[in-house]
Amino acid sequence: MTRPAPADREAGYRLLGELAGPETVEGTLAGLDRLAPGFADWIVTCLFGGTYQREGLAPRDRQIATLAALTAFGGVDPQVDDHVRNSLRIGMAPREIVEVMVHLVPYVGVPKALAGLRVAGAVFEDLGIDPAEEGS
């Protein structure tokens, strides 16, 4: 049975801080709020304070679904970058992130999967991570 998702602003900001770090809450969202007042708060409240608060999926599972959806959608490299970083923060191994992208090939096509892999590779390089190393 589907239950309504709560819209808990405080829980949304807390979760976003855990997933994306305080720099996103204080930096990225503040910039978005200057451009489109109230929009950042709506995103955080509805998405991170609503959908992400639902029962049924662990944070890791939600990140896998998000990585897959964003990669499949295509053209949203900044969001893929953010969610690769979020996935690493919650403990996903770089190899798992790579496998999410590779798994998508027969479903979304080589170009979109390659684009996702390029974004993930750039994040790994930025963070000094070698995804080929065992345990990374």
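**Group meeting: an all-in-one look at a predicted helical model**

Okay, let's start with confidence: in this predicted model, helix α2 (residues 22-35) has the lowest, with a mean of 84, while helix α8 (residues 110-127) has the highest, at 98. That's pLDDT, the predictor's own confidence in each residue, running from 0 to 100. Across the protein the average is 92, and 94% of the residues score at least 70.

Quick bookkeeping. Numbering runs from 1 along each chain as its sequence is written. As this is a prediction, local features need pLDDT of at least 70 and side-chain atom pairs count only at pLDDT 80 or more, while totals for chains, interfaces and linings use all residues, and side-chain values use heavy atoms, with hydrogens and water left out.

Now the fold. We've got eight helices and zero strands, so called from DSSP runs numbered from the N terminus: H or I with at least four residues for a helix, E with at least two for a strand.

What about the overall dimensions? The C-alpha atoms fill a box of roughly 40 × 40 × 30 Å along the principal axes. The radius of gyration is 15 Å, which agrees with the value near 14 Å for a compact globule of 136 residues; that's over C-alpha atoms, and the globule rule is 2.2 Å times the number of residues to the power 0.38.

On contacts, meaning heavy atoms within 4.5 Å: take the ones between residues at least 6 apart in sequence, and 65% of those join residues at least 24 apart.

How much of the protein is buried? Buried residues are 32% of the 136, where buried is under 20% relative accessible area, exposed is over 50%, and partly exposed is in between, with a 1.4 Å probe and protein chains only.

Let me zoom in on two residues. First up, M101, which sits in helix α6 (residues 94-103). M101 counts as buried because its relative accessibility is 0%. Setting aside neighbours within four places in sequence, M101 contacts L67, T71, V80, V84, A113, G116 and L117. There's also A72, 29 residues from M101 along the chain, with the two C-alpha atoms separated by 9.1 Å.

Next, H83, over in helix α5 (residues 77-89). Is H83 buried or exposed? Buried, because its relative accessibility is 11%. And its partners, not counting residues up to four places away, are Y52, Q63, T66, L67 and L70. So L67 turns up on both lists, touching M101 and H83.

That's my tour, thanks.
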